[in-house]
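Please find below my comments on the model, set out as numbered points for checking against the coordinates.

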Amino acid sequence: MRISFCDTTLRDGEQAPGISFHLHERQIIARMLDELGVDVLEIGIPAMGKQEQAELRKILTIPKRAQVCTWNRARKEDIDASIASAATSVHISIPISQDMAALKFRQGLSKALDMLYSTLDYACGKDLRVSVGFEDASRANPFLMAQVAANLSQWPVQRIRFADTIGILTPTDTTQQISLLSQASTIPIEFHGHNDFGLAVANSLAALESGASWVSTTVFGLGERAGNASMETVAIAARQLLGMQVDLNSLLFVKLAQTVAAFAKRAIPLDQPVIGPAVFMHESGIHVDATLKQPGCYEAIDPSTVGQKRAIVYGRHSGRHSVSHLLESNGEPCDNSVIEPLLVAIQEAARERKSFLSSEDVWTLYHNRIQRG
């Protein structure tokens with residue numbers, strides 16, 4: 001099964017506190033996402049105002065391959081704002097849980113549904129491509145939601161987004177919810193997971209196994225609160241663990257993530273799956289020994305497939321094999337009279353720095369403390 005990706009870095013990702021991309025940054029990100037191969041780019045909210053609409057018009061001209069959509073409430077004025085932005089594809093969102101609908105609408109869910117159906121009539125009458133989002137779906141009545149999904153077949157809805165808005169689902173919950181929803185409607189299901197309990201990726205995979213064919217993700221999981229499902233992790237896990245077809249160019253993951261991180265002024269965690277700077281580093285002596293013999297022993301992902309490189313680093317847990325390999329690779333003697341004092345020097349330096357040492361750092365220690373005595 002082929003998995004389709006809706007990237008919402010430029011909408012939901014930018015809703016993270018303190019994130020504000022300049023127009024040229026949004027254009028660069030849109031171009032890179034298009035080159036990566038995402039199917040849909042969700043680029044912003046036209047109802048924010050005329051400046052946003054002007055910027056969206058410029059972003060819309062960039063993608064060569066991906067469909068570009070805007071995010072809208074179920075209001076005709078939001079659709080008019082999207083049309084003013086030159087959008088031809090709109091995502092229309094309503095709260096589908098009783099509690100959130102009551103909070104946002106005086107008449108509760110019935111009012112939300114009336115507005116959705118009316119807005120769908122209006123948008124389709126304008127020849128716009130439409131998708132529908134169920135906000136707070138994880139707290140909704142699943143049978144009522146399934147009935148609404150079945151009703152949507154009256155319109156040319158491209159997909160239905162199930163949003164775990166506050167990230168409260170488990171993979172078991174997700175399986176049950178998505179199975180029911182996908183059985184109720186022939187419209188493709190998109191899963192949009194938040195990461196409040198660290199389960200956004202796991203829930204996205206469970207959704208894909210249960211009938212969803214689309215996932216909504218952001219670059220390295222950027223988003224509100226604890227973030228969204230990380231595009232890179234979902235893509236690689238779906239490809240390698242589930243055996244699904246993922247057409248994203250994974251060689252571009254790191255460059256894209258570094259670009260978004262720089263624009264967002266957010267550091268990529270060292271241990272961020274797939275793209276983190278340290279996820280293909282090996283320090284422990286036992287691990288290094290095995291990795292030098294067979295990299296797959298301690299690597300589930302081939303770093304070359306995701307634009308990364310394997311690295312041996314040195315620190316408190318380094319062993320003789322790490323040091324002897326470095327010395328031998330550079331034609332230096334590697335008997336105990338060299339290895340033992342060099343290991344001690346490495347461990348002392350790592351303790352002092354509270355960090356690992358690179359090969360270059362070790363060479364400096366070797367020349368300064370071993371060769372010179």
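1. In this predicted model, helix α8 passes helix α9 in a right-handed crossing. The contact draws on V201, S204, L205 and L208 from α8, and on T233, V234, A237 and A238 from α9. Sorted by character, the residues of this contact comprise six nonpolar and two polar ones, with no charged residue among them.

2. As for the geometry of that pair, the axes of α8 (residues 200-209) and α9 (residues 231-240) come within 10 Å and cross at roughly 45°. Because the angle lies neither under 35 degrees nor between 65 and 115, α8 is described as oblique to α9.

3. Turning to the strands, eight of them close into a barrel, following the order β1-β2-β3-β4-β5-β6-β7-β8 with parallel pairing. From one strand to the next, the twist averages 25°.

4. One pairing may be inspected in detail: strand β4 (residues 89-95) and strand β5 (residues 129-135) run parallel and are joined by seven bridges. Which residue of β5 does S93 stand opposite? The partner that S93 faces there is G133.

5. A last point concerns S322, which is found in helix α12, spanning residues 320-329. Is S322 buried or exposed? Its relative accessibility is 1%, and S322 therefore counts as buried, the cut-off for that class being under 20%. Leaving aside residues up to four places away in sequence, S322 touches E283, G285, V288 and Y314.

Notes:
Residues are numbered from 1 along each chain as its sequence is written. This is a predicted model: local features need pLDDT of at least 70, side-chain atom pairs count only at pLDDT 80 or more; totals for chains, interfaces and linings use all residues. Side-chain values use heavy atoms; hydrogens and water are left out. Helices (H or I, at least four residues) and strands (E, at least two) are DSSP runs, numbered from the N terminus. Buried means under 20% relative accessible area, exposed over 50%, partly exposed in between (1.4 Å probe, protein chains only). Contact means heavy atoms within 4.5 Å. Two strands pair if DSSP finds at least two bridges between them. Axes are lines fitted to C-alpha atoms, for helices over the stretch in contact, and angles run from 0 to 180 degrees between N-to-C directions. Angles under 35 degrees count as roughly parallel, over 145 as roughly antiparallel, 65 to 115 as roughly perpendicular and the rest as oblique. A crossing is left-handed if the near helix is turned anticlockwise from the far one by less than a right angle, and right-handed if clockwise. Ala, Val, Leu, Ile, Met, Phe, Trp, Tyr, Cys and Pro count as nonpolar, Asp, Glu, Lys and Arg as charged, and the others, Gly among them, as polar.
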